[in-house]
Structures are given as structure tokens and as C-alpha cells.
Amino acid sequence: MRVKPKKSRIEKHHIEDFIGRSYMSFCVLLLIVIIISMVYFVASKGLSTFFSGNVSVADFLFGRKWAPEADTPLYGALPFISGSFLVTLLAALIASPLSICAALFMTEIVPGWGKKLLQPVIELLAGIPSVVYGFIGLSVIVPFLRNTLPGQGIGVAAGALVLSVMILPTITSVAADALASLPQNLKESSFALGATRWQTISRVIIPTTFPAIMTGIVLGMARAFGEALAVQMVIGNAPFVPKSLFESASTLTSVITLSMGNTTMNSPHNNALWSMALVLMVMTFVFVFLVRLLERRNKI
């Protein structure tokens, strides 16, 4: 029986290793090129508003009047920027306590059947399309707010409630993973010192995992800030800075999706919409930076 030379096997191993490394390097390089191209395209289109038009950065960011079709066009994006931030912050304030309690229930209170009960529900919520959330909000939340609170039902409050349900799975999953990865000896040490379960949760578990929980909250806010369809269906899409939670408002994503198809490429109106997209991209980078910063602190 003829034995294959050892040298040929070594050469084949080197060839396979070279092909694998080349393929991975190509994929990484392609990903970098795509990201740089997207950033360059959005930035070039977004900044053209300030270079080729009569709109200053201050007028765009802090202007309260949006009238792109007027005789004297005005491109004040403050109503949409404030609407995006307001809805995102309210959704985070509503969803964060519920998500943390759900994560504690699954990992600390009843880690057996509690996780079996809630985990499928969380996964189901994460898989529901945005349009379904928006339709439920339009059919359930808006009539409820209209019948119980002042206003027409549509507005900031309705958008925040819909978004809070949408970001609930994100915050819950990250918080549950953080709580599950907590070293067992920390809890055992707390119990050995005579602390009760609730004292251990409030004084040991939550403070220790707080950076990781905040990471989940920031990720949830990032999703809420970029959500378009569900918010668009319930917020009212009014280009004004809201004075109460029950007034109609609009967000950056809503005005982009509603107006982008009705504008001409390279027109001032179209460029202003690209400037809003640039604001969204910058905020995405800010959220990513916050997540990285929190991850550095999340070392137990």
C-alpha cells in the first residue's frame, strides 16, 4: 500500500489555510468598504444642504419651521429632532423597569419555570413586524388614549407606548444575560452575611450588573430612535414641537419615509431629508460609542 508523502499533506494544509485567510480578509475588506461607502454617501448628500443651499447648520438644527414647498423655503428640523428624542426617552423610561423586572424574574426569582414562561413571550415580541405594532397601536392604544385622556389619541404618548413594547425584548434579553453571567460567589457571599434575597438583588446584583443593564437600555433606545413605520402610524406626523404628550408630533424617520419618494434627487428638499438621515447616522454612532463605553465598565 502506497502512503501519501507527508510533504504533500503539509502543502495542502498551507493551501487550505491560505484560502481560508484570503476569504476572511476579503469579507472583512468588503464590509469595511461598504460601511465607508454608506457613510460617505449619506454624509456627502446630507452636507450638501449647507454647502449648496442657503441653510445654515444652526437654522437646520434649531429652526422650528418646516416649510420646504413655501415661496421662501424653511428647513427647520427641530420639530423632528425633538420628537425623535422625546419618544425615544419616554419609551426607554417605560420599558426599562418592566424589562429589568422581567429579567430578575427569569434569573433570580423563579429561574426554572419563570424562564420557560417568559422566554418564548420575549422571543415572540422580538419577531413581530413593525407594521403589526403600529396597527395594534392604531386600533387599541389610540382609541384608549382618546377616550380616557385629553387629545385625539394620536401623539407622543401613543408613539412612546408602542415603542416601549417594541424595545422590551432587547432590554430584557441583555439584562437577563447580564444577570445570568453574574458570578455565583457574589450572591453566596451576600447570603452568608445575612442579607435577604431582596437585599442581595438591590444592593449586590443590580449595582454589579448596572453597566450591562444600561447597555441593553442604550441598545433599546438605538432601535427606538431609528424606528419609522410603527411610530409613523400613531404619532400624527405634525411638523411642530410638541407642547404636551398628547399632541401630534413627528420624528426624523417618519418625515424621511413620508417625503423622500415625493422629492426630486438633488433638490433642496431632498438634500434636507438626507441631512436628517445624516443626523440619524450620527446618533447611531453616538449610541454605539455609549455601548462600547459601558462594555468597558462591565468587567466583574
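A residue is called buried when its relative accessible area is under 20%. In this predicted model, T251 has a relative accessibility of 4% and therefore counts as buried. Its neighbour S250 has a relative accessible area of 3%, so S250 is buried as well.

Both residues belong to a linking segment: T251 is found in the loop between α9 and α10, and S250 has its place in the loop between α9 and α10 too. Leaving aside residues up to four places away in sequence, T251 touches F80, G83, S84, V231 and I235. With those sequence neighbours again set aside, the contacts of S250 are P79, F80, G83, S84, I235, N237, A238 and V255. The side chain of T251 also makes a polar contact of 2.8 Å with the side chain of S254.

The loop leads on to α10, a helix that is mostly covered, with six of its eight residues buried. The buried residues of α10 are L252, T253, S254, V255, I256 and S259. S254 in this group is the polar partner of T251, while V255 is one of the residues touched by S250.

Attention can now turn to the nonpolar interior. In soluble globular proteins, nonpolar side chains tend to be buried together. Here the largest nonpolar core holds 65 residues, and the members that touch the most other members are F60, W66, F80, V162, L163, L252 and M276. Two or more residues come from each of α1 (6-52), α3 (78-109), α5 (130-148), α6 (156-180), α8 (197-226), α9 (229-234), α10 (252-259) and α11 (268-297). F80, one of these well-connected members, is also touched by T251 and by S250. V162 offers another view of the packing: beyond residues up to four places away in sequence, V162 touches Y133, G137, I141, A230 and V234.

Open space was examined as well. The second largest pocket holds about 200 Å³ of space. Its lining is made up of V42, A222, F225, G226, A277, L280, M281, M283, T284, F285 and F287. The elements that give two or more residues to this lining are α8 and α11, and α11 gives the most, with seven residues.

A word on confidence may help in reading these results. The protein averages a pLDDT of 84, and 95% of the residues score at least 70. Among the elements, α3 has the highest mean pLDDT, at 90, whereas helix α4 (residues 113-127) has the lowest, at 79.

Definitions and conventions: Residues are numbered from 1 along each chain as its sequence is written. This is a predicted model: local features need pLDDT of at least 70, side-chain atom pairs count only at pLDDT 80 or more; totals for chains, interfaces and linings use all residues. Side-chain values use heavy atoms; hydrogens and water are left out. A nonpolar core is a set of buried Ala, Val, Leu, Ile, Met, Phe, Trp, Tyr and Cys residues joined through side-chain atoms within 4.5 Å. Buried means under 20% relative accessible area, exposed over 50%, partly exposed in between (1.4 Å probe, protein chains only). Helices (H or I, at least four residues) and strands (E, at least two) are DSSP runs, numbered from the N terminus. Contact means heavy atoms within 4.5 Å. pLDDT is the predictor's confidence in each residue, from 0 to 100. A polar contact is a pair of N or O atoms within 3.5 Å; within protein, one must be able to donate a hydrogen and the other to accept it, and residues adjacent in sequence count only if both atoms are side-chain atoms. On a 1 Å grid over the protein atoms alone, a cavity is a set of points where a 1.4 Å probe fits but cannot get out, and a pocket is an open set with protein on both sides within 12 Å along at least five of seven lines; lining residues have an atom within 4 Å of a point. Grid points are joined across faces, edges and corners, and a volume is the space filled by probe spheres set on the points.
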